[in-house]
Amino acid sequence: MDGFWRFLGIALGAAVLAMTVRSAHREMGAAFSLCCGAALMLLLMERLGQAAAAIDEMARLSAVSEGHMALIFKVLGITMLSEFAAQACRDAGEEGIALRVEMGGKVMLVLLSLPVLQQITQLIMELTP
Amino acid sequence: MQIQELLQIAGIGVLVAVIGQILTRAGREDMATLTGIAGLAIVLMLVVTLIAELFENVKSMFGLY
């Protein structure tokens with residue numbers, strides 16, 4: 001819990017610092033805010049790892065098969081990173097690029113979930129006479 | 001660990017802006033733009049290494065190969 005206050009302080013400090021860098025040098029400000037986002041997420045990685053391990057443990061006890069859990073984790077990772085990239089593009093003022101990045105993320109998600117969808121359709125086909 | 005790189009980038013940004021101002025005052029606009037571009041290149045190198053580390057972390061944690 002103690003790391004969280006430090007994390008908040010760093011985030012606020014970085015926000016103010018980003019404003020000063022942006023006023024001093026416009027392009028540098030965008031690079032700096034991107035770097036702030038990455039650094040803050042890296043700070044979170046360790047806690048996120050603990051949460052992911054706990055969820056993995058719970059899933060192993062429950063009836064969720066190993067493949068589906070891996071799929072869920074993949075979906076989580078893809079959405080997290082594509083959301084990060086899309087927001088970075090928006091901060092730099094490039095709304096169009098952000099939408100393309102999000103579309104790319106969605107396409108990856110659809111590709112990933114295709115096998116599950118096929119299983120579901122087969123199941124439905126078997127159920128209906 | 002990551003905070004040093006953050007402050008480094010902020011320092012480079014402000015420094016490049018100040019040097020640019022000095023150079024423009026001294027009447028060397030071309031040098032000022034060059035220093036601006038050089039500073040931006042250095043900062044982008046730092047940012048790229050940080051982003052690469054983040055992506056590696058997420059990939060290894062969520063099993064994204």
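**Exercise 1. Where in chain B is B:E53 found, and which residues does it touch beyond four places in sequence?**

Solution. In this predicted model, B:E53 is part of helix α2 of chain B. Take accessibility next: the relative accessible area of B:E53 is 36%. Since the partly exposed class runs from 20% to 50%, B:E53 counts as partly exposed. For contacts, set aside residues up to four places away in sequence; B:E53 then touches A:L42 and B:Q2. As a last step, compare positions along the chain: B:A38 is 15 residues from B:E53, and the two C-alpha atoms are separated by 23 Å.

**Exercise 2. Is A:S82 buried or exposed, and with which residues is it in contact outside its neighbours within four places?**

Solution. Start with the element: A:S82 lies in helix α3 of chain A. Its relative accessibility is 17%. Buried means under 20%, so A:S82 counts as buried. Leaving out neighbours within four places in sequence, A:S82 is in contact with A:V101 and A:G105.

**Exercise 3. How many aromatic pairs are there over all chains, and why is the pair A:F4 and A:F7 stacked?**

Solution. A search of the whole structure gives 3 aromatic pairs. In one of them, A:F4 and A:F7, the ring centres are 6.3 Å apart and the planes meet at 20°. Pairing needs centres within 6.5 Å, and stacking needs planes under 30 degrees apart; the pair is therefore stacked.

Now place the two residues. A:F4 and A:F7 both belong to helix α1 (residues 2-24) of chain A, and because they are 3 residues apart, about one helical turn separates them. Their accessibilities fall into two classes: A:F4, at 35%, is partly exposed, whereas A:F7, at 16%, is buried. Finally, add A:W5: together with A:F4 and A:F7, it forms one aromatic cluster.

**Exercise 4. Which elements hold A:F73 and B:F62, and what kind of aromatic pair do they form?**

Solution. Geometry comes before location. The distance between the ring centres of A:F73 and B:F62 is 6.1 Å, and the angle between the planes is 50°, which makes the pair tilted. A:F73 is in helix α3 (residues 66-91) of chain A, while B:F62 is in helix α2 (residues 29-62) of chain B, so the pair joins two chains. Both partners can then be classed by accessibility: A:F73 is buried at 9%, and B:F62 is buried at 6%.

**Exercise 5. Describe the interface of chain A and chain B, from its area to the residues that supply it.**

Solution. Begin with contacts: 29 residues of chain A meet 28 residues of chain B. The area buried between the two chains is about 2,600 Å², and carbon and sulfur atoms give 91% of this area. On the side of chain A, A:M28, A:L42 and A:L81 supply 23% of the area buried against chain B, more than any other three residues.

Next, look for polar links. The rule finds 0 salt bridges across the interface. It also finds 0 residue pairs in polar contact, where both residues must have pLDDT 80 or more.

Then assign the side of chain A that touches chain B to elements. Two or more residues each come from α1, α2 (26-61) and α3 of chain A. Of these, α2(A) gives the most, with 15 residues. By type, the residues of this side divide into 23 nonpolar, 3 polar and 3 charged.

Key:
Residues are numbered from 1 along each chain as its sequence is written. Chains are lettered from A and ligands numbered from 1 in the order in which they are written. This is a predicted model: local features need pLDDT of at least 70, side-chain atom pairs count only at pLDDT 80 or more; totals for chains, interfaces and linings use all residues. Side-chain values use heavy atoms; hydrogens and water are left out. Rings of Phe, Tyr and Trp (its six-membered ring) pair if their centres lie within 6.5 Å; planes under 30 degrees apart count as stacked, over 60 as edge-to-face and the rest as tilted. Buried means under 20% relative accessible area, exposed over 50%, partly exposed in between (1.4 Å probe, protein chains only). Contact means heavy atoms within 4.5 Å. Buried area is the accessible area (1.4 Å probe) that two parts lose on being put together, summed over both. A salt bridge is a side-chain nitrogen of Lys or Arg within 4 Å of a carboxyl oxygen of Asp or Glu. A polar contact is a pair of N or O atoms within 3.5 Å; within protein, one must be able to donate a hydrogen and the other to accept it, and residues adjacent in sequence count only if both atoms are side-chain atoms. Ala, Val, Leu, Ile, Met, Phe, Trp, Tyr, Cys and Pro count as nonpolar, Asp, Glu, Lys and Arg as charged, and the others, Gly among them, as polar.
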